[in-house]
Amino acid sequence: MARLIIVSNRLPVSLHIKDDGSFLLTQNVGGLATAIGPYHKSHSDCLWVGWSGIEKEGLDEGQLAAITKEFKSRRCVPIHLTRDEVDGYYGGFSNDTLWPLFHDFSHEAKFSPETWKMYQRVNEIFCDVISKSVRPGDMVWIQDYHLMLLPALLRSRFPDLRIGWFLHIPFPSTEIFRSLPQGADLLRGLLGADLLGFHTVDFCNNFLASVKLLLGLDTDDDGRVALADGRHVTVDAFPIGIDYNLYKRTSHSRLAQGMRHGIEAASGKRTRRIISSLSAESRAAVEAEQKEGSWWSHRSDEELSELSLLRPVVSSNPKPNKIVVSVDRLDYTKGLPERIKSFGRMLEKYPEWVGHVTYYLLATPSRENVESYRLLKKQVDQLVGEVNGKYSLLSWTPIHYITRSLPIKPVCGIYTAGDVALVTPLRDGMNLVAKEYLSCHDGRDGSLVLSDMCGAARELTDAFIVNPYDIEAVCDALHSALEIDSAEAIHRNRRMQARLEYSTASLWCGQFISALRQASTDGLSSGRLCTAKRDELVEQWGNAKHKLVLCDYDGTLTPIVRTPDRAHPTKRLLDLLKRLGSMPGVDFAIVSGRNRKTMQDWFGDLPVRLVAEHGAWSSPNPSSSVQHEGNSGIQRHDGSQDRSWYQAPGLPDPDVWHPVIEEIMDESVARVPRSFVERKSNTMAWHYRMSDQHLAFKECDRLLHRLHEVCSQYGLMTMENSKVIEVCPVSIGKGMAVSPLVNSGDYDFVLALGDDITDETMFAVVPERLPDHRQDSGSSETNLQDGDAEAGVNEADALVGNGPDGRDSRSHPAANQENGPSSSSRNEVDNDNGTGWTVKVGVGMTKARYRVGDYGDTVRLLGYLAAESKARMQ
Ligand SMILES: O=P(O)(O)OC[C@H]1O[C@H](O[C@H]2O[C@H](CO)[C@@H](O)[C@H](O)[C@H]2O)[C@H](O)[C@@H](O)[C@@H]1O
Ligand SMILES: O=c1ccn([C@@H]2O[C@H](COP(=O)(O)OP(=O)(O)O)[C@@H](O)[C@H]2O)c(=O)[nH]1
C-alpha cells in the first residue's frame with residue numbers, strides 16, 4: 001500500500017514553548033484536522049508536513065532540532081520559517097492576494113512582487129523538506145492555496161511521485177483569475193499534480209477555463225488536462241463533509257444542552273412565569289398595540305416602560321419567541337454587515353418580531369493584524385450597535401454579539417438553540433457551519449437560511465437559499481424560516497441530513513485518497529465516473545420508481561484477497577446491502593461466480609436476489625413478491641426455509657464431466673506450487689493467485705490447451721479471469737441469468753456493477769434503452785427462457801469482443817481454436833489494479849458505462865444511492 005504524505009500550511013497540532021522551555025503539543029481543531037486527522041492517526045506510516053507555527057528567529061539549531069523531534073512524536077514534520085517568510089508567504093501573498101481574489105473580492109487584493117517572491121521561496125522550502133522524506137511509491141496530498149507551486153516543484157524532482165492537491169476555497173472565474181499577474185505560474189505549478197480537487201463542479205470548470213485561457217490547454221470529456229510531456233492531470237470535485245455523528249452527539253452533551261437552555265431562557269423562549277403576573281390592562285394594551293402594528297406611539301410613560309419591559313415574554317403575542325444563530329470567523333467573505341442589515345430590516349419590515357426574536361451572533365476574531373479585518377470588525381461592531389440601539393427593549397436585546405473563539409461544545413449549544421441558522425457568506429468554498437447546524441438538529445426542526453454563494457448550497461438544496469447581497473431577500477427568507485411549520489422544517493431537514501450523514505469528512509478523505517491512488521502519469525482512467533456524472537446517476541436513481549441493481553461480488557463489493565474464503569463480507573457491507581435490499585422500489589441482485597453454499601451462508605438472510613456459479617443457480621429475494629424464475633428452473637431447497645434455489649435448465653451432468661476436468665486441473669496443481677482447484681456443483685476453477693506468476697502463466701497456456709481438447713464434447717467452455725481459469729457449461733452465464741429480470745419491463749432504471757470479464761455478459765444484456773412498458777405488461781412473471789434469445793445475442797456480443805476495451809471477454813471453445821489466449825491478454829484481463837465498471841440505463845436515457853477505481857468506489861456509490869433513497873423517502 002502506497003504511503004501518504006499530507007502537506008498543509010498548518011500542522012494538525014500546535015507546539016507551545018512553556019516558561020521553563022519545555023514543550024506542549026495541543027491538537028488543532030477545524031475542518032482539515034477533522035477530515036484528514038483520523039486517516040493520519042490510524043495509518044502509522046502517514047506523515048504530515050507543515051509550518052511549525054513558531055518563528056525561527058531567536059531559536060538556535062539545537063532548539064529547532066528539539067522542536068522537530070517533538071513534532072515527530074506525532075508523525076508531523078515541521079517547516080521552520082522566519083517572520084519575514086511567514087509575513088510574505090502567508091500574511092502577504094496567500095491572505096492578501098490569493099484569498100480576496102479567489103473569493104471575488106478583487107478590490108481587497110494587494111499585488112506585491114515582494115510577497116510573491118516569498119511565496120515562491122516558501123514553496124521551495126516545503127519542497128526541500130518533503131524531498132527528504134519521500135520514498136519510492138509514496139503519494140503526496142497537498143492542501144490549499146498556500147502551496148500552489150509545490151506540485152510542479154516536487155514533480156521536477158520526482159517524475160513518478162503521485163501528487164494530489166485540494167483547494168479548500170473557491171476557484172474564481174477566469175475574468176478574476178486572469179487579473180493575477182502570476183496566474184499562469186500558479187497554474188503551471190498546479191499542473192505538476194496528477195489529481196486536482198475542488199469543492200464543486202463549478203470551481204473545477206473555472207479552473208479548467210483558466211487553464212485554457214492562460215495556458216491554451218484543452219480538457220477531455222473525463223476532466224483531464226493533457227500536457228505536452230504526455231502526462232494527464234485529472235480535475236474533479238470532492239465536496240468536503242463533516243463528522244456528522246460527532247456534531248449530533250455533541251449537541252446532546254450536557255454542556256451544549258445547558259447552553260441551549262441558557263440561550264432559550266435569556267431570549268425569553270423558556271421563561272413564562274412572569275406572564276402570569278401581568279395585569280389585565282397591560283395584557284390588553286400589549287394586544288392592542290400588536291394589532292395596530294405601530295408601537296411606542298400614543299403611549300403614556302408608564303405604559304411604555306411596562307410594555308418595553310414585558311414585551312418579550314408576553315404569551316398573547318401570536319409570535320412565539322425565537323432564536324436566530326450564526327457562527328463565523330470575522331472575515332469579509334462571510335457577509336456579516338449585509339446579514340446584520342438584513343436582520344435589522346426584518347425587525348423593521350415585520351415588527352411583530354420585535355421583542356420575539358433574538359440573534360446570537362458568534363463572530364470569532366480572525367487575522368486581526370490585517371488592516372481590512374480590523375476595519376471589518378469596526379463596521380460589524382457599529383452595525384450591531386445600530387440595530388441594538390434602535391430596537392432594544394429594557395429586557396430584550398435583538399443581537400447577542402460574541403467575539404470570542406469557542407470550542408465545539410458551546411458552538412453546538414448555539415446551533416442547538418437556534419430556530420434558524422443564518423449562514424450567508426458572500427463567497428465560501430464549502431461552509432461547514434451550515435452542515436454542522438443541520439447535524440445538531442438531527443430529527444428536529446430548525447431552519448437553515450443559506451447563501452447561494454457557497455459550495456454547501458450545491459448540496460443543501462432544501463435550505464432557504466438566498467443571494468446574500470440582497471438585503472430584502474434575506475430579510476424575507478429569514479421571516480419565512482422563522483414562520484415555517486415545524487413538520488415542514490423536519491421534513492426538509494431530514495432530506496438534507498440523510499445525505500450529510502453519508503457524505504462525511506472521512507468519506508471525502510477516503511474518496512480523494514482512493515482517486516489519488518489510481519492516478520498515474522495517464523491521469524485517472526478514461527470513462528471514469530467523475531463527481532458530476534455520479535451526481536447525475538444518483539439523481540436518476542432518485543427519480544426512478546422501480547430500480548434493479550445487478551451487482552457482482554468479488555472485486556466489486558469486496559477486495560480481491562489471497563484465498564476465496566477470506567473474502568467474507570464485512571458487517572458494514574451486509575448492513576448496506578440489507579438497507580438497499582429493503583428499500584421500496586429497489587430490487588437488488590448479487591450476481592456471482594461463487595458457489596451456492598457460500599452465497600447462501602453469506603447472503604442468505606438478506607432481502608436480495610442471489611445468482612451463484614455464474615448463473616447455474618439463482619434464488620429470488622424471499623421478501624419480494626415478484627419472481628422471474630418461472631417454471632424453467634429446477635427448484636431445490638437446501639435447508640433454508642425462506643430461500644428457494646433454482647438450477648438453470650439443460651446443464652451437462654457434473655458427475656460425467658467433473659472427474660475429467662478435475663484430473664486435468666490436478667495436473668496443473670502438481671506443476672504449479674500453491675495453486676489449487678475449487679470445486680463447485682456446476683463449475684470448476686483452477687486458482688493461481690498465490691503462485692509464482694511466471695510459472696503460472698506458462699501453465700495457463702498448457703492448461704487451456706488441454707481443457708479445449710475436452711470441453712466442447714461435454715458442452716463446457718473455459719473462462720479466464722483474475723488469476724483463475726474456470727470451466728463451466730456453455731449454457732450458463734451471468735448475462736443469461738439476469739436477462740429475464742432486465743427484460744421484464746418492471747424497471748425504469750437498471751444499474752449493473754462488476755469488475756471482471758464474467759460481468760461483461762451481464763453488462764451486455766442491459767439494453768441500450770429501457771422500454772417503458774411497465775404500464776401495459778400484463779404479468780410481471782417472466783419465464784427464464786423468454787429472455788434467452790436476446791441474452792444469447794448480447795452474450796455473443798460480449799464473446800466477440802464488445803468488452804470494455806474491445807477485448808475478447810471469454811474463452812469460448814470455438815473462439816479459442818483460432819485465437820488461443822496469450823499471456824499478454826492474460827495480463828490485460830487481470831484487474832488487480834482495480835478497475836470496476838458501472839453500467840446504467842433507464843427509461844428515457846441511453847445506456848451509459850463508467851469506470852470506477854475499485855470495490856471501495858462501488859461500495860461508496862451504493863452508499864450514495866442508499867442515502868438518496870433515504871432522503872427521498874422523507
Ligand atoms: O463473480 P464473482 O463474485 O466476482 O466471483 C468470481 C470468483 O470469485 C472468487 O475468486 C476470486 O476471489 C478470491 C477472493 O478474493 C480470490 O482469492 C481469487 O483469486 C479470485 O479469483 C471465487 O473463488 C470464484 O469461485 C468465483 O468464480
Ligand atoms: O468560535 C468558533 C467559530 C467557528 N468554529 C468552527 O470553525 C469552522 C468554520 O468552518 P467554515 O467552513 O464554516 O468556515 P471557514 O472559517 O473555514 O472559512 C466550523 O467547523 C466551526 O464549527 C469553532 O469551532 N469555534
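# Exercises on strands, helices and salt bridges

Strand S14 and strand S15 (residues 447–451) run parallel and are joined by four bridges. The model is predicted, so local features need pLDDT of at least 70 and side-chain atom pairs count only at pLDDT 80 or more, while totals for chains, interfaces and linings use all residues. Residues are numbered from 1 along each chain as its sequence is written, and side-chain values use heavy atoms, with hydrogens and water left out.

## Exercise 1

Task: describe strand S14, its partners and the directions of its side chains.

Solution. Begin with the terms: helices (H or I, at least four residues) and strands (E, at least two) are DSSP runs, numbered from the N terminus, and two strands pair if DSSP finds at least two bridges between them. With S15, the residue Val-420 has Ser-447 as its bridge partner. Next, strand S11 (residues 322–329) pairs with S14 in the parallel sense over two bridges, and here Val-325 stands opposite Ala-421. For the side chains, recall that in a regular strand they alternate between the two faces of the sheet. In S14 (residues 420–423), Val-420 and Leu-422 point one way, whereas Ala-421 and Val-423 point the other way, and all are buried, where buried means under 20% relative accessible area, exposed means over 50%, and partly exposed lies in between (1.4 Å probe, protein chains only).

## Exercise 2

Task: find the edges of the eight-strand sheet, and then place helix H2 against this sheet.

Solution. First write down the order, S5-S4-S1-S6-S7-S8-S10-S9, which belongs to an open sheet with mixed pairing. The edge strands are S5 (76–81) and S9 (224–226), each of which pairs on one side only. From one strand to the next, the twist averages 20°; axes are lines fitted to C-alpha atoms, for helices over the stretch in contact, and angles run from 0 to 180 degrees between N-to-C directions. At one end of the order, strand S4 (residues 47–55) is joined to S5 by five bridges, and the two run parallel, with Trp-48 opposite Cys-76 in S5. Finally, helix H2 (residues 61–72) packs on the sheet and touches S4 and S5, its direction making about 150° with that of S5; contact means heavy atoms within 4.5 Å.

## Exercise 3

Task: compare the span of helix H3 with that of a straight helix, and locate its bend.

Solution. The expected span is 1.5 Å times one less than the number of residues. For the 20 residues of H3 (residues 83–102) a straight helix would span 28 Å, but the end C-alpha atoms of H3 span only 25 Å. Now look for a bend, defined at a residue as the angle between axes fitted to the seven residues ending there and the seven starting there: H3 bends by about 40° at Ser-94. As to its surroundings, H3 is largely enclosed by the rest of the structure, because 16 of its 20 residues are buried. Just after H3, Asp-104 takes a positive phi of about 65°.

## Exercise 4

Task: examine three salt bridges, and say where the partners lie.

Solution. Side chains of opposite charge can pair when their charged atoms come close. A salt bridge is a side-chain nitrogen of Lys or Arg within 4 Å of a carboxyl oxygen of Asp or Glu, and by this rule the count is 52.

1. Arg-492 and Glu-488 form a salt bridge at 3.1 Å, N to O. The two are four residues apart in helix H19 (residues 486–502), which means that about one helical turn separates them. Glu-488 is partly exposed, at 32% relative accessibility.
2. Arg-679 and Asp-666 form a salt bridge in which the closest N and O atoms are 3.5 Å apart. Because Arg-679 lies in strand S23 (residues 676–679) and Asp-666 in helix H24 (residues 654–671), the pair ties together parts that are 13 residues apart in sequence. Arg-679 is partly exposed at 42%, and Asp-666 is partly exposed at 35%.
3. Glu-699 and Arg-671 meet in a salt bridge of 2.9 Å, N to O. Glu-699 in helix H25 (residues 693–711) and Arg-671 in H24 are 28 residues apart, and the pair links distant parts of the chain. Glu-699 is buried at 4%, whereas Arg-671 is partly exposed at 46%. Salt bridges that share partners join Glu-667, Arg-671, Glu-699, Arg-702, Arg-706 and Glu-709 into one network.

Definitions and conventions: Chains are lettered from A and ligands numbered from 1 in the order in which they are written.
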